[in-house]
Each structure stands twice: as C-alpha cells, then as structure tokens.
Amino acid sequence: MQIKPPGRRVLFLSRDTGSLQATIPVIQALALKGGYYLYVVCMQDEHVLDPIKGIVSVSFDKAAFSRHPEVYLEKLLNESDANLVVSGSSPAKGAPPETPEQYLIRVARNRGIQSLAILDCWWLYLERFANINGDLDDTLIPDVICVMDKIAKEDLVSLGINAEKLYITHNPWLDQIANHVLEPCKEI
C-alpha cells in the first residue's frame, strides 16, 4: 500500500522555456513554505531548478508521450499522486490536443484533479484553448488561469473564457527579474 505524502501534492509540467520560467518562482515559493509535495517534470535533459528539499524532479519521456500521451500522463499522475496540476501553457503546433499541458489538463479533469495554468505571454490564446475548428474547448481550459495583466484577462474573456477562472498574477519570473533590476545600486 502506497502512503500518500502529507499536504498538497502538486505536479508541475511545462513544455517551453517561457512557461517553465513562469512556474519556477511558484515552485520555489511552495518549497520554502513547506507542507507541499512537489513533483516537477522537466522537459529538457537539464534540470533548471537548484536542488531544494521537498522537490522531486524527473525528466519528461518524449518517446513515451509521443506513443501514448494520455497513458504517459496517467503514469506521471500516479507517480506524483498529485491532487493539483500546475503548468505553463504552450501553444499547440498541430491539431489540439497536442501539447503536454493540453493532455495533462484533460487527464487531470477526467480524474477529478484541479488544474492551474500560468500564461507567460499575450498571444496565441486559441492555439492553447481551442479545438481544430477554432472554438473554445472546455477540455483544454484549466480550472484556473493566471494571466499577466488586465489586457490578457480582457482578451480571454472576449474569446469566451469565464472571467471567474482568470486571475491577474503578472509573470512571476519577469517580476523576479524586475525586482532585482530595481534594487538600489550599492556604492563602491
């Protein structure tokens, strides 16, 4: 019998660099807060997170995903025992669902697991949340979407996404950089 880790169990997955960068500050904040079991799936061979206690980091198996996307993501959900999935939101390059994030949202929803996506840019919304006909597809829309600003929120609402799903959080990665740049310079 598998013993579930205490607290929230969160699976993080993002395909592209911008999406991953937007999730890193969230991962780090939850790790520092404690009470979370964090399971981070890295798309590249290199793992960009510094080793932090409480984070399990695994490599994404592109071959397994290519063969059977849903089966592979079910495996990741089983391994992580997640009760929340957090992803970036990379746009599909082909017919949706195509991205790991899109498949993850579908698989999580089928299992009754909450999903949250962090957008890191202001365009290609239909490539993220619409079907092949360009109509919004509820199975591709996460339960919560973190957006950069009021403009992004208004754009998504105008497309038909429920405003109650949208939260303005800015971009945690860019905010982190901006805060560092705006720190007062030390005199030499």
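Does Leu13 count as buried or exposed, or, put otherwise, which of these terms fits Leu13? In this predicted model, Leu13 has a relative accessibility of 1% and therefore counts as buried. Leu13 lies in strand S1, which comprises residues 8–13, and, when neighbours within four places in sequence are set aside, its contacts include Val41, Phe60, Leu73, Leu76, Val86 and Leu104, together with Ser87, Gly88, Pro100 and Glu101. Of these partners, Phe60 is 47 residues away from Leu13 along the chain, yet the C-alpha atoms of the two residues are separated by 8.8 Å.

Strand S1 runs parallel to strand S4, to which it is joined by 4 bridges, and Val10 has Leu84 of S4 as its bridge partner. Strand S4 is also paired with S5, again in the parallel sense and over 4 bridges, with Leu84 standing opposite Gln114 of S5. In a regular strand, side chains alternate between the two faces of the sheet. Within S4, which spans residues 84–87, Leu84 and Val86 point one way whereas Val85 and Ser87 point the other way, and all of them are buried.

Two cysteines may be described in similar terms. Cys42, at 4% relative accessibility, counts as buried, and Cys121, at 10%, counts as buried as well; the count of disulfides in the model comes to 0.

On the surface, a nonpolar patch is formed by Trp122, Trp123, Leu124 and Ile151, which together have about 420 Å² of accessible area. One of these residues, Trp123, is placed in the loop between strand S5 (114–118) and helix H5 (125–129).

Note on methods
Residues are numbered from 1 along each chain as its sequence is written. This is a predicted model: local features need pLDDT of at least 70, side-chain atom pairs count only at pLDDT 80 or more; totals for chains, interfaces and linings use all residues. Side-chain values use heavy atoms; hydrogens and water are left out. Helices (H or I, at least four residues) and strands (E, at least two) are DSSP runs, numbered from the N terminus. Buried means under 20% relative accessible area, exposed over 50%, partly exposed in between (1.4 Å probe, protein chains only). Contact means heavy atoms within 4.5 Å. A disulfide is a pair of cysteine sulfur atoms within 2.5 Å. Patches are made of residues with over 30% relative accessible area and no salt bridge: like charges are joined within 9 Å, nonpolar side chains (Val, Leu, Ile, Met, Phe, Trp, Tyr) within 5 Å. Accessible areas come from the Shrake-Rupley method with a 1.4 Å probe; for residues, only the protein chains shown count as cover. A salt bridge is a side-chain nitrogen of Lys or Arg within 4 Å of a carboxyl oxygen of Asp or Glu. Two strands pair if DSSP finds at least two bridges between them.
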